[in-house]
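Hi everyone, thanks for making time this morning. I'd like to walk you through a structure, so please have a look at the sequence and the model before I start.

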Amino acid sequence: MPGGQLVCVAVLKTLTEIRTTEYHLGLLKAKLAKYRAQLLEPSKSSAAKGEGFDVMKSGDARVALIGFPSVGKSTFLSLMTSTASEAASYEFTTLTCIPGVIEYKGANIQLLDLPGIIEGAAQGKGRGRQVIAVARTADVVIMMLDATKGEVQRALLEKELESVGIRLNKSKPNIYFKPKKGGGISFNSTVTLTQCSEKLVQPLSRQQLTSQVVPAVGQPYSVYNKIDQISMEEVDRLARRPHSVVISCGMKLNLDYLLEKLWEYLALTCIYTKKRGQRPDFTDAIILRKGASVEHVCHRIHRSLASQFKYALVWGTSTKYSPQRVGLTHMMEHEDVIQIVKK
(Lines give C-alpha, C1' and ligand atoms only; values in the text may rest on other atoms or scores of the structure.)
Protein backbone atom coordinates (compact mmCIF):
# COMPACT_ATOMS: atom_id res chain seq x y z
CA MET A 1 0.00 0.00 0.00
CA PRO A 2 1.47 3.40 -1.00
CA GLY A 3 2.59 5.73 1.80
CA GLY A 4 -0.11 8.31 1.05
CA GLN A 5 -2.87 5.74 1.50
CA LEU A 6 -1.35 4.59 4.79
CA VAL A 7 -1.42 8.17 6.10
CA CYS A 8 -5.09 8.57 5.05
CA VAL A 9 -6.07 5.33 6.79
CA ALA A 10 -4.24 6.39 9.95
CA VAL A 11 -5.95 9.82 9.94
CA LEU A 12 -9.41 8.28 9.44
CA LYS A 13 -8.75 5.82 12.26
CA THR A 14 -7.68 8.65 14.56
CA LEU A 15 -10.79 10.72 13.70
CA THR A 16 -13.03 7.73 14.40
CA GLU A 17 -11.37 7.18 17.77
CA ILE A 18 -11.83 10.89 18.64
CA ARG A 19 -15.54 10.79 17.75
CA THR A 20 -16.01 7.61 19.80
CA THR A 21 -14.21 9.18 22.77
CA GLU A 22 -16.35 12.33 22.54
CA TYR A 23 -19.52 10.23 22.48
CA HIS A 24 -18.46 8.33 25.59
CA LEU A 25 -17.53 11.61 27.31
CA GLY A 26 -21.05 12.78 26.56
CA LEU A 27 -22.49 9.63 28.15
CA LEU A 28 -20.33 10.15 31.25
CA LYS A 29 -21.44 13.79 31.53
CA ALA A 30 -25.08 12.71 31.26
CA LYS A 31 -24.61 10.18 34.09
CA LEU A 32 -22.75 12.79 36.16
CA ALA A 33 -25.62 15.27 35.70
CA LYS A 34 -28.12 12.64 36.83
CA TYR A 35 -26.11 11.71 39.93
CA ARG A 36 -25.54 15.36 40.90
CA ALA A 37 -29.26 16.05 40.62
CA GLN A 38 -29.95 13.05 42.87
CA LEU A 39 -27.42 14.29 45.42
CA LEU A 40 -29.10 17.69 45.63
CA GLU A 41 -32.59 16.21 46.05
CA PRO A 42 -33.47 15.85 49.72
CA SER A 43 -34.05 12.32 50.92
CA LYS A 44 -37.73 11.47 51.47
CA SER A 45 -36.88 9.72 54.72
CA SER A 46 -34.77 12.61 56.07
CA ALA A 47 -37.73 14.80 57.00
CA ALA A 48 -41.11 14.19 58.52
CA LYS A 49 -44.23 14.60 56.44
CA GLY A 50 -45.05 18.27 55.84
CA GLU A 51 -41.61 19.59 56.83
CA GLY A 52 -40.38 21.03 53.55
CA PHE A 53 -37.02 22.84 53.38
CA ASP A 54 -37.63 25.07 50.37
CA VAL A 55 -40.27 27.81 50.24
CA MET A 56 -42.50 28.88 47.38
CA LYS A 57 -40.91 31.44 45.08
CA SER A 58 -42.67 34.79 45.28
CA GLY A 59 -42.11 38.47 44.55
CA ASP A 60 -40.22 39.98 41.63
CA ALA A 61 -36.85 38.32 42.35
CA ARG A 62 -35.25 35.87 44.76
CA VAL A 63 -32.05 36.42 46.73
CA ALA A 64 -30.46 33.69 48.85
CA LEU A 65 -28.13 34.23 51.81
CA ILE A 66 -25.52 31.50 52.00
CA GLY A 67 -22.58 31.28 54.35
CA PHE A 68 -21.00 29.55 57.31
CA PRO A 69 -22.63 29.64 60.76
CA SER A 70 -22.61 32.87 62.80
CA VAL A 71 -21.67 35.28 59.99
CA GLY A 72 -24.78 37.47 60.44
CA LYS A 73 -27.31 36.10 57.94
CA SER A 74 -30.22 36.09 60.41
CA THR A 75 -29.39 39.58 61.67
CA PHE A 76 -29.22 40.83 58.08
CA LEU A 77 -32.65 39.33 57.30
CA SER A 78 -34.17 40.96 60.38
CA LEU A 79 -32.70 44.35 59.44
CA MET A 80 -33.71 44.30 55.77
CA THR A 81 -37.20 42.78 56.10
CA SER A 82 -40.09 42.71 58.56
CA THR A 83 -39.35 39.04 59.25
CA ALA A 84 -37.68 38.22 62.56
CA SER A 85 -35.08 35.47 62.26
CA GLU A 86 -33.56 34.17 65.46
CA ALA A 87 -30.01 35.40 65.94
CA ALA A 88 -27.61 34.30 68.66
CA SER A 89 -23.91 34.04 69.37
CA TYR A 90 -23.89 30.25 69.02
CA GLU A 91 -23.68 28.36 65.74
CA PHE A 92 -26.57 26.80 63.75
CA THR A 93 -29.23 29.12 65.19
CA THR A 94 -31.18 28.86 61.91
CA LEU A 95 -32.15 25.27 61.10
CA THR A 96 -34.49 25.77 58.14
CA CYS A 97 -35.10 28.22 55.28
CA ILE A 98 -36.65 31.48 56.54
CA PRO A 99 -38.11 33.85 53.91
CA GLY A 100 -38.51 37.60 54.12
CA VAL A 101 -39.41 40.39 51.68
CA ILE A 102 -37.34 43.49 50.88
CA GLU A 103 -39.50 46.34 49.58
CA TYR A 104 -37.27 48.50 47.40
CA LYS A 105 -38.05 50.89 44.52
CA GLY A 106 -41.52 49.44 44.17
CA ALA A 107 -40.28 45.85 43.91
CA ASN A 108 -40.78 42.95 46.31
CA ILE A 109 -37.52 41.00 46.58
CA GLN A 110 -37.73 37.65 48.34
CA LEU A 111 -34.79 37.19 50.73
CA LEU A 112 -34.02 33.68 52.01
CA ASP A 113 -32.06 33.09 55.20
CA LEU A 114 -30.51 29.65 54.73
CA PRO A 115 -28.93 27.56 57.50
CA GLY A 116 -25.18 27.85 57.88
CA ILE A 117 -23.25 25.30 55.85
CA ILE A 118 -19.99 23.56 56.65
CA GLU A 119 -17.06 22.42 54.55
CA GLY A 120 -18.11 19.41 52.49
CA ALA A 121 -21.70 20.63 52.10
CA ALA A 122 -21.77 19.65 48.43
CA GLN A 123 -21.07 16.05 49.47
CA GLY A 124 -24.02 16.11 51.89
CA LYS A 125 -22.47 17.18 55.21
CA GLY A 126 -24.95 18.94 57.46
CA ARG A 127 -27.90 20.18 55.40
CA GLY A 128 -25.54 21.31 52.66
CA ARG A 129 -27.35 19.60 49.80
CA GLN A 130 -30.67 21.27 50.59
CA VAL A 131 -29.04 24.67 51.15
CA ILE A 132 -27.18 24.58 47.82
CA ALA A 133 -30.27 23.26 46.00
CA VAL A 134 -32.25 26.30 47.20
CA ALA A 135 -29.36 28.63 46.31
CA ARG A 136 -29.53 27.36 42.71
CA THR A 137 -33.10 28.71 42.41
CA ALA A 138 -32.08 32.26 43.37
CA ASP A 139 -31.52 35.14 40.94
CA VAL A 140 -28.63 36.36 43.10
CA VAL A 141 -26.67 34.52 45.78
CA ILE A 142 -25.22 36.63 48.59
CA MET A 143 -22.21 34.92 50.13
CA MET A 144 -22.25 36.34 53.66
CA LEU A 145 -18.72 36.31 55.07
CA ASP A 146 -17.14 37.18 58.41
CA ALA A 147 -14.72 40.03 57.64
CA THR A 148 -12.29 38.72 60.26
CA LYS A 149 -11.84 35.48 58.29
CA GLY A 150 -13.36 36.39 54.93
CA GLU A 151 -10.58 35.11 52.66
CA VAL A 152 -10.74 31.55 54.01
CA GLN A 153 -14.54 31.47 54.03
CA ARG A 154 -14.83 32.89 50.50
CA ALA A 155 -12.46 30.29 49.05
CA LEU A 156 -14.33 27.43 50.75
CA LEU A 157 -17.76 28.71 49.68
CA GLU A 158 -16.68 29.19 46.06
CA LYS A 159 -15.33 25.64 46.05
CA GLU A 160 -18.62 24.24 47.37
CA LEU A 161 -20.76 26.19 44.86
CA GLU A 162 -18.59 25.42 41.85
CA SER A 163 -18.52 21.72 42.70
CA VAL A 164 -22.28 21.53 42.06
CA GLY A 165 -22.19 23.50 38.82
CA ILE A 166 -22.97 27.04 40.02
CA ARG A 167 -20.70 29.22 37.90
CA LEU A 168 -19.51 32.30 39.73
CA ASN A 169 -20.13 35.72 38.14
CA LYS A 170 -20.32 34.40 34.59
CA SER A 171 -22.64 35.65 31.87
CA LYS A 172 -25.53 33.42 30.84
CA PRO A 173 -24.66 30.85 28.15
CA ASN A 174 -25.58 31.76 24.57
CA ILE A 175 -27.57 28.61 23.96
CA TYR A 176 -31.22 27.89 23.20
CA PHE A 177 -33.50 25.05 22.11
CA LYS A 178 -36.10 25.13 19.34
CA PRO A 179 -38.40 22.06 19.33
CA LYS A 180 -38.80 20.31 15.96
CA LYS A 181 -42.18 19.17 14.70
CA GLY A 182 -40.82 15.72 13.90
CA GLY A 183 -39.11 15.37 17.28
CA GLY A 184 -35.44 15.28 18.18
CA ILE A 185 -32.87 18.06 18.19
CA SER A 186 -30.63 19.24 15.37
CA PHE A 187 -27.24 20.65 16.36
CA ASN A 188 -26.10 23.99 14.94
CA SER A 189 -23.34 26.41 15.93
CA THR A 190 -22.54 29.92 14.75
CA VAL A 191 -18.85 29.79 15.65
CA THR A 192 -16.03 27.26 15.57
CA LEU A 193 -16.41 24.97 18.60
CA THR A 194 -13.34 24.36 20.75
CA GLN A 195 -14.79 22.96 24.01
CA CYS A 196 -17.56 20.67 22.75
CA SER A 197 -18.90 18.99 19.63
CA GLU A 198 -22.08 17.36 18.32
CA LYS A 199 -20.84 13.94 19.45
CA LEU A 200 -20.27 15.26 22.97
CA VAL A 201 -23.73 16.84 23.17
CA GLN A 202 -25.67 14.00 21.49
CA PRO A 203 -26.17 11.72 24.56
CA LEU A 204 -27.27 14.61 26.81
CA SER A 205 -30.85 15.61 27.48
CA ARG A 206 -31.91 19.27 27.39
CA GLN A 207 -31.70 19.64 31.19
CA GLN A 208 -28.34 17.87 31.37
CA LEU A 209 -26.95 19.97 28.53
CA THR A 210 -27.68 23.29 30.23
CA SER A 211 -26.37 22.06 33.59
CA GLN A 212 -23.26 20.17 32.47
CA VAL A 213 -21.86 21.30 29.12
CA VAL A 214 -22.82 24.83 30.15
CA PRO A 215 -23.16 24.71 33.96
CA ALA A 216 -25.96 26.46 35.82
CA VAL A 217 -25.30 30.16 36.17
CA GLY A 218 -25.09 31.81 39.56
CA GLN A 219 -24.54 35.44 40.49
CA PRO A 220 -22.79 35.32 43.87
CA TYR A 221 -22.06 38.59 45.60
CA SER A 222 -19.60 38.63 48.50
CA VAL A 223 -20.79 40.63 51.51
CA TYR A 224 -18.21 41.07 54.28
CA ASN A 225 -19.99 41.58 57.60
CA LYS A 226 -18.52 42.70 60.95
CA ILE A 227 -16.21 45.33 59.45
CA ASP A 228 -16.32 47.13 62.80
CA GLN A 229 -13.98 44.41 64.07
CA ILE A 230 -11.15 44.96 61.55
CA SER A 231 -8.82 47.83 60.64
CA MET A 232 -9.71 50.59 58.16
CA GLU A 233 -6.92 49.39 55.87
CA GLU A 234 -8.46 45.90 55.75
CA VAL A 235 -11.95 47.38 55.15
CA ASP A 236 -10.59 49.37 52.21
CA ARG A 237 -8.88 46.29 50.75
CA LEU A 238 -12.02 44.15 50.98
CA ALA A 239 -14.24 46.91 49.57
CA ARG A 240 -12.05 47.16 46.46
CA ARG A 241 -12.43 43.48 45.63
CA PRO A 242 -14.66 42.79 42.58
CA HIS A 243 -18.29 41.84 43.33
CA SER A 244 -17.87 42.70 47.01
CA VAL A 245 -19.54 44.98 49.57
CA VAL A 246 -18.49 45.62 53.16
CA ILE A 247 -21.14 46.09 55.88
CA SER A 248 -21.72 45.91 59.60
CA CYS A 249 -25.10 44.57 60.70
CA GLY A 250 -24.25 45.34 64.32
CA MET A 251 -23.66 49.05 63.60
CA LYS A 252 -25.98 49.21 60.52
CA LEU A 253 -23.19 50.43 58.25
CA ASN A 254 -23.38 50.53 54.43
CA LEU A 255 -26.70 48.66 54.18
CA ASP A 256 -28.19 51.27 51.79
CA TYR A 257 -25.26 50.85 49.41
CA LEU A 258 -25.71 47.07 49.50
CA LEU A 259 -29.35 47.50 48.45
CA GLU A 260 -28.28 49.67 45.52
CA LYS A 261 -25.77 47.07 44.34
CA LEU A 262 -28.32 44.30 44.81
CA TRP A 263 -30.79 46.20 42.61
CA GLU A 264 -28.06 46.64 40.00
CA TYR A 265 -27.24 42.92 40.05
CA LEU A 266 -30.89 41.88 39.76
CA ALA A 267 -31.25 44.16 36.70
CA LEU A 268 -34.83 45.11 37.57
CA THR A 269 -36.76 48.05 36.21
CA CYS A 270 -40.04 49.72 37.27
CA ILE A 271 -42.72 50.60 34.72
CA TYR A 272 -45.74 52.71 35.67
CA THR A 273 -49.09 52.56 33.88
CA LYS A 274 -51.48 55.35 32.98
CA LYS A 275 -55.13 55.29 31.90
CA ARG A 276 -56.44 57.74 29.35
CA GLY A 277 -57.40 61.05 30.93
CA GLN A 278 -55.96 60.06 34.33
CA ARG A 279 -52.69 60.63 36.17
CA PRO A 280 -50.07 57.83 36.26
CA ASP A 281 -50.40 55.26 39.03
CA PHE A 282 -47.11 55.54 40.93
CA THR A 283 -48.32 53.29 43.75
CA ASP A 284 -48.30 50.04 41.78
CA ALA A 285 -45.30 49.51 39.51
CA ILE A 286 -44.82 46.70 37.01
CA ILE A 287 -41.45 45.11 37.73
CA LEU A 288 -39.59 43.68 34.75
CA ARG A 289 -36.03 42.82 33.79
CA LYS A 290 -33.87 45.37 32.01
CA GLY A 291 -34.32 45.13 28.26
CA ALA A 292 -38.08 44.56 28.50
CA SER A 293 -40.23 45.77 25.60
CA VAL A 294 -43.76 47.13 25.38
CA GLU A 295 -44.85 43.59 24.49
CA HIS A 296 -43.47 42.32 27.81
CA VAL A 297 -45.50 44.99 29.60
CA CYS A 298 -48.64 43.86 27.75
CA HIS A 299 -48.08 40.24 28.73
CA ARG A 300 -47.58 41.24 32.37
CA ILE A 301 -50.85 43.19 32.43
CA HIS A 302 -52.93 40.51 30.63
CA ARG A 303 -52.02 37.62 28.35
CA SER A 304 -54.49 38.73 25.63
CA LEU A 305 -53.54 42.43 25.64
CA ALA A 306 -50.78 42.09 23.02
CA SER A 307 -53.23 40.67 20.46
CA GLN A 308 -55.52 43.70 21.01
CA PHE A 309 -52.65 46.21 20.95
CA LYS A 310 -52.91 49.22 18.61
CA TYR A 311 -50.16 51.52 19.93
CA ALA A 312 -48.78 52.88 23.19
CA LEU A 313 -47.86 56.32 24.51
CA VAL A 314 -44.67 56.37 26.58
CA TRP A 315 -43.25 59.07 28.84
CA GLY A 316 -39.69 58.70 30.14
CA THR A 317 -36.02 58.30 29.32
CA SER A 318 -36.63 55.67 26.63
CA THR A 319 -38.31 58.22 24.36
CA LYS A 320 -36.99 61.15 22.33
CA TYR A 321 -39.96 63.27 23.40
CA SER A 322 -42.90 62.79 25.80
CA PRO A 323 -45.30 61.31 25.10
CA GLN A 324 -44.01 59.28 22.17
CA ARG A 325 -46.20 56.89 20.18
CA VAL A 326 -44.49 53.48 20.03
CA GLY A 327 -45.09 49.90 18.98
CA LEU A 328 -44.67 46.52 20.68
CA THR A 329 -40.91 46.35 20.05
CA HIS A 330 -40.10 49.63 21.84
CA MET A 331 -37.61 49.03 24.69
CA MET A 332 -38.69 50.37 28.08
CA GLU A 333 -36.42 51.97 30.69
CA HIS A 334 -36.59 52.43 34.45
CA GLU A 335 -39.54 54.52 35.69
CA ASP A 336 -41.10 54.97 32.24
CA VAL A 337 -44.85 55.63 32.14
CA ILE A 338 -46.96 53.80 29.55
CA GLN A 339 -50.52 54.18 28.28
CA ILE A 340 -51.73 51.34 26.06
CA VAL A 341 -54.34 51.95 23.38
CA LYS A 342 -56.29 48.93 22.14
CA LYS A 343 -57.75 48.36 18.68
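**A walk through the model**

Let me begin with one side-chain contact: the charged end of R325 sits over the ring of Y311, and the distance to the ring centre is 3.7 Å. Please keep in mind throughout that this is a predicted model.

Now, the overall picture. The chain has 343 residues, of which 39% are buried. Its secondary structure comes to 9 helices and 13 strands. If we take the contacts with a separation of 6 or more, 61% of them are between residues 24 or more positions apart.

Let's move to the sheet I'd like you to look at. In what order do its strands come? The order is β10-β9-β13-β11-β12, which makes 5 strands in an open sheet with mixed pairing. At the edges we find β10 and β12, the latter covering 324–326, and each of these two pairs on one side only. On average, and ignoring direction, neighbouring strands of this sheet are turned by 35° against each other. There is also a helix packed on the sheet: α9, residues 294–301, touches β9, β10, β11, β12 and β13. The direction of α9 makes about 115° with that of β10.

Let's zoom in on β13, residues 336–342. How many of its residues are buried? The count is 5 of 7, so to speak of this strand as mostly covered is fair. On one side, β13 runs parallel to β9, residues 268–273, and 3 bridges join the two. If you want to find that pairing on screen, look for I271, which stands opposite D336 in β13. β13 also pairs with β11, residues 309–315, this time in the antiparallel sense and over 6 bridges. Two places to look there: F309 has K342 of β13 as its bridge partner, and A312 has I340 of β13.

Next, a stop at each of the edge strands. In β12 we find Q324. Is Q324 buried or exposed? With a relative accessible area of 15%, Q324 is buried, because the cut-off for buried is under 20%. Leaving aside residues up to four places away in sequence, Q324 touches A312, L313, V314 and T319.

Over in β10 sits A285. A285 is buried as well, and its relative accessible area is 15%. With residues up to four places away in sequence again left out, A285 touches C270, I271 and Y272. Here is a long-range detail for you: A285 and G106 are 179 residues apart in sequence, yet their C-alpha atoms are 6.0 Å apart in space.

Now for the aromatics. How many aromatic pairs does the structure hold? There are 2. One of them is Y104 with W263, an edge-to-face pair with 5.8 Å centre to centre and 70° between the planes. Y104 belongs to strand β2, residues 98–104, and W263 to helix α8, residues 255–266, so this pair ties together parts that are 159 residues apart in sequence. Y104 counts as buried at 17% relative accessibility, and W263 counts as buried at 7%.

Another aromatic pair is Y272 with F282: their ring centres are 5.0 Å apart and their planes are at 70°, so this pair is edge-to-face. Y272 is in β9 and F282 is in β10, residues 281–289, so the pair ties together parts that are 10 residues apart in sequence. What about their surroundings? Y272 counts as buried at 11% relative accessibility, whereas F282 is exposed, with a relative accessible area of 53%.

One last stop, back at α8. The axis of α8 and that of helix α2, residues 73–80, come within 12 Å and cross at roughly 85°. The two helices are therefore roughly perpendicular to each other. Which residues make the contact? From α2 they are F76, L79 and M80, and from α8 they are L255, L258 and L259.

That's my tour, and I'm happy to go back to any part of it.

Notes:
Residues are numbered from 1 along each chain as its sequence is written. This is a predicted model: local features need pLDDT of at least 70, side-chain atom pairs count only at pLDDT 80 or more; totals for chains, interfaces and linings use all residues. Side-chain values use heavy atoms; hydrogens and water are left out. Buried means under 20% relative accessible area, exposed over 50%, partly exposed in between (1.4 Å probe, protein chains only). Helices (H or I, at least four residues) and strands (E, at least two) are DSSP runs, numbered from the N terminus. Two strands pair if DSSP finds at least two bridges between them. Rings of Phe, Tyr and Trp (its six-membered ring) pair if their centres lie within 6.5 Å; planes under 30 degrees apart count as stacked, over 60 as edge-to-face and the rest as tilted. A charge sits over a ring if NZ of Lys or CZ of Arg is within 6 Å of the ring centre and within 35 degrees of the ring normal. Axes are lines fitted to C-alpha atoms, for helices over the stretch in contact, and angles run from 0 to 180 degrees between N-to-C directions. Contact means heavy atoms within 4.5 Å. Angles under 35 degrees count as roughly parallel, over 145 as roughly antiparallel, 65 to 115 as roughly perpendicular and the rest as oblique.
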